[in-house]
Amino acid sequence: MKQEEKMEQGKKDFQAHVQKERTHLSQVRRAFTKGLEKVDIDPGLISFYVACCDYLDCALNRLIAQDHILHDLLVPHVEKDNKEYIAKLEKLNIGLNAMEEALKKLNAAKEKLIKSGLYEVNDFKKESNAFLDVFLNMLASNRHSTIDLEEKVFTPEDWEKLAGVTEESIRNEERLFQNVRLAALEEYDPERFPPIRHNEKPT
């Protein structure tokens, strides 16, 4: 295999791993949203909430790190008078800051839930729904807004750096995803939620 073909294959492998992560993230987020709607809470559902939060924390910290790298890689390719892309990058930064803050609040609510169980569930639900609002707003506003420039200027090394895929990250993501599945009632199994395609609204 020629060097260029190897580089192209490497890019595809990294992108495939990232795509799998994004699919699982979408499925867990939707399963978690469904689980929050349940009125009658039992300890099993608390375990499901915690497993979802653990997955979301890991997956979103990876997503946030990837987007920070994305921002930094794109900046040198954006001309100072390109107001459209400067605005996109600024919007990306604002969204990432909001996401980081919302994730901190979700993790704090999760820790309270672990300590007090059913007694904190209503506060946990309130914080979780606030978190999901921020998450969905970020997805809706930033989804692939810079993909045209990425495809034009990124090198295979850039794609590798952006993906940040390692054997450890693959194992950890799969473990946390399976933990959600093990904790879920059948109706909340994330595998029951088909992945959302890029051109679909992230409901």
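The expected span of a helix is 1.5 Å times one less than its number of residues. The exercises below use a predicted model.

**Exercise 1.** Find how far H2 reaches from its first C-alpha to its last, and set this against the expected span.

*Solution.* Helix H2 covers residues 43-74. H2 has 32 residues. At 1.5 Å a residue, 46 Å is expected, and H2 reaches 46 Å, close to that value.

**Exercise 2.** Identify the residue that caps the N-terminal end of H2.

*Solution.* The cap is Asp-42. One of its side-chain oxygens lies 2.9 Å from the backbone nitrogen of Gly-44.

**Exercise 3.** Describe how the axes of H2 and H3 come together and cross.

*Solution.* Two packed helices are described by the angle between their axes and the distance between the axes. Helix H3 spans residues 83-116, and its axis comes within 10 Å of that of H2. The two axes cross at roughly 160 degrees. Angles over 145 degrees count as roughly antiparallel, and H2 and H3 are therefore roughly antiparallel to each other. Their crossing is left-handed. By class, the residues of this contact are 17 nonpolar, five polar and five charged.

**Exercise 4.** Do the same for H2 and H7, and name residues that make the contact.

*Solution.* Helix H7 takes in residues 167-183, and the axes of H2 and H7 come within 8 Å. They cross at roughly 155 degrees, which makes H2 roughly antiparallel to H7. The crossing is left-handed. Residues of H2 in the contact include Gly-44, Phe-48, Tyr-55 and Arg-62; among those of H7 are Ser-169, Glu-173, Leu-176 and Ala-183. The contact has nine nonpolar, five polar and three charged residues.

Conventions. Residues are numbered from 1 along each chain as its sequence is written. This is a predicted model: local features need pLDDT of at least 70, side-chain atom pairs count only at pLDDT 80 or more; totals for chains, interfaces and linings use all residues. Side-chain values use heavy atoms; hydrogens and water are left out. Axes are lines fitted to C-alpha atoms, for helices over the stretch in contact, and angles run from 0 to 180 degrees between N-to-C directions. Helices (H or I, at least four residues) and strands (E, at least two) are DSSP runs, numbered from the N terminus. Angles under 35 degrees count as roughly parallel, over 145 as roughly antiparallel, 65 to 115 as roughly perpendicular and the rest as oblique. A crossing is left-handed if the near helix is turned anticlockwise from the far one by less than a right angle, and right-handed if clockwise. Ala, Val, Leu, Ile, Met, Phe, Trp, Tyr, Cys and Pro count as nonpolar, Asp, Glu, Lys and Arg as charged, and the others, Gly among them, as polar. A polar contact is a pair of N or O atoms within 3.5 Å; within protein, one must be able to donate a hydrogen and the other to accept it, and residues adjacent in sequence count only if both atoms are side-chain atoms. Contact means heavy atoms within 4.5 Å.
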